[in-house]
Amino acid sequence: MMDNGSHERANVESLLDAQVDGLIVNTVGGNDEWLSSYCLEETHKPVVLLDRIIRPTVCDGVQTANTQAVSEMMAHLADRGFGAVVFVTRPTEGVSTRTARREAVESFLADGEFRGEVLVYEAVDELREMMSELLPRYRDDRVCLFANNEETMRDLLGTLPQPLPERIGLCAFAEELWARYCGFGITCLDQRPIEMGRVAAETLMARVYDGSDAPYTVVDVPARLCTFDSTR
């Protein structure tokens, strides 16, 4: 099941019982206390966190350069003439990626270059109601809806009027592989998952097989901005 901390813990413990040499963990979030406790044990196996990171740093990690990526997207939207941005996400508490992206967008909104807000929802029905109230507030703006990830992008597509009015744009953190073929093509920040996986594997092998005892690091992997018709 998605985002289930107890299942994640059971699966990690099962792998440890099987005597694996190390772990790459793409944590569901909300499981930080247990993971931190394990990583602080004297006999723990090397762990590399992928995408979602624990603070303070208790092990190596690989994440998207989220603040840089948001900056690139906001510059693109300004160039395309958007005057408002609404960042749409599921709850951010305990999930480092959502938190970093939300804070980066909020920083841009605070600077006053864009109008806008952050929209947090828990269920699709709730999002549908929020969107029916939100869009009229921006009837005089060219507004772009910025989805935190692919799941939220799909939720948005299911709640927006079709066809979209010209003044409404869409963008997301999402893989280009599907974003380019979704309807008219959705402008996205591709997180380059293959590169992230490669860096995570190399980091783990350095700990397990090369005996590296260097201080823990969190590597930021730049996202790739891919522009399509959704921000025309």
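Here is a friendly conversation about how some words used for this predicted model are justified.

User: Why is phenylalanine 146 called buried?

Analyst: Good place to start! Buried means under 20% relative accessible area. Phenylalanine 146 has a relative accessible area of 0%, so it counts as buried. You will find phenylalanine 146 in strand E6.

User: What is phenylalanine 146 in contact with?

Analyst: Leaving aside neighbours within four places in sequence, phenylalanine 146 is in contact with Val70, Met73, Val85, Val86, Phe87, Val88, Val105, Cys171, Ala172, Phe173 and Leu189. Also, the C-alpha atoms of phenylalanine 146 and threonine 89 are separated by 8.7 Å, although these residues are 57 residues apart along the chain.

User: How do you know whether threonine 89 is buried or exposed?

Analyst: Use the cut-off again: under 20% is buried. Threonine 89 has 0% relative accessibility, so it counts as buried. Its place is in strand E4. Not counting residues up to four places away in sequence, threonine 89 touches Arg98, Val118, Leu119, Val120, Tyr121, Asn148 and Thr152.

User: What makes a group of residues a nonpolar core, and which members of the largest one touch the most others?

Analyst: The members must be buried, come from a set of residue types such as Val, Leu and Met, and be joined through side-chain atoms within 4.5 Å. The largest nonpolar core has 27 residues, and Val86, Leu119, Met131, Leu134, Leu145, Leu156 and Leu160 touch the most other members. Strand E4 (84-89), helix H5 (124-137), strand E6 (143-147), helix H6 (150-157) and strand E7 (168-173) each give two or more residues to this core. H5 gives the most, with five residues. Apart from this core lies another, of 19 residues, including Ala69, Val70, Ala104 and Leu109. As background, nonpolar side chains tend to be buried together in soluble globular proteins.

User: What does leucine 160 touch?

Analyst: Neighbours within four places in sequence aside, leucine 160 is in contact with Met131, Leu135, Leu145 and Leu170.

User: Why is helix H3 called oblique to H4?

Analyst: The axes of H3 (residues 66-79) and H4 (residues 96-111) come within 9 Å and cross at roughly 40°. Angles under 35 degrees count as roughly parallel, and 65 to 115 as roughly perpendicular. The crossing angle of roughly 40° fits neither range, which makes H3 oblique to H4. H3 passes H4 in a right-handed crossing.

User: Which residues make that contact between H3 and H4?

Analyst: From H3 come Asn66, Thr67, Val70, Ser71 and Met74, and from H4 come Thr97, Ala100, Arg101, Ala104, Val105 and Phe108. The residues of this contact divide into six nonpolar, four polar and one charged.

User: How do you know that H1 and H2 are roughly parallel?

Analyst: H1 and H2 pack at an angle of about 20°, with their axes 11 Å apart. Angles under 35 degrees count as roughly parallel, so H1 and H2 are roughly parallel to each other. H1 passes H2 in a right-handed crossing. In this contact, Glu8, Arg9, Val12, Glu13 and Leu16 in H1 meet Trp34, Leu35 and Tyr38 in H2. The contact residues divide into five nonpolar, no polar and three charged.

User: Which residues of helix H2 are buried, and what do they pack against?

Analyst: The buried residues of H2 (residues 32-39) are Trp34, Leu35, Ser36, Tyr38 and Cys39. They pack against H1 and E2.

User: Why is glutamine 19 called exposed, but arginine 192 partly exposed?

Analyst: Exposed means over 50% relative accessible area, buried under 20%, and partly exposed in between. Glutamine 19, at 57%, counts as exposed. Arginine 192 has 30%, so it is partly exposed. Glutamine 19 is found in the loop between helix H1 (5-17) and strand E1 (23-25), while arginine 192 lies in the loop between strand E8 (187-190) and helix H8 (193-208).

User: What is phi for glutamine 19 and for arginine 192?

Analyst: Phi of glutamine 19 is near 65°, and phi of arginine 192 is near 55°. Each is a positive value in a residue other than glycine. Most residues other than glycine have a negative phi.

User: Where are the cis peptide bonds that come before proline 56 and proline 163?

Analyst: One joins arginine 55 and proline 56, with omega about -5°. Another joins glutamine 162 and proline 163, also with omega about -5°. Proline 56 is in the loop between strand E2 (47-50) and strand E3 (60-64), and proline 163 is in the loop between H6 and E7.

Definitions and conventions. Residues are numbered from 1 along each chain as its sequence is written. This is a predicted model: local features need pLDDT of at least 70, side-chain atom pairs count only at pLDDT 80 or more; totals for chains, interfaces and linings use all residues. Side-chain values use heavy atoms; hydrogens and water are left out. Buried means under 20% relative accessible area, exposed over 50%, partly exposed in between (1.4 Å probe, protein chains only). Helices (H or I, at least four residues) and strands (E, at least two) are DSSP runs, numbered from the N terminus. Contact means heavy atoms within 4.5 Å. Axes are lines fitted to C-alpha atoms, for helices over the stretch in contact, and angles run from 0 to 180 degrees between N-to-C directions. Angles under 35 degrees count as roughly parallel, over 145 as roughly antiparallel, 65 to 115 as roughly perpendicular and the rest as oblique. A crossing is left-handed if the near helix is turned anticlockwise from the far one by less than a right angle, and right-handed if clockwise. Ala, Val, Leu, Ile, Met, Phe, Trp, Tyr, Cys and Pro count as nonpolar, Asp, Glu, Lys and Arg as charged, and the others, Gly among them, as polar.
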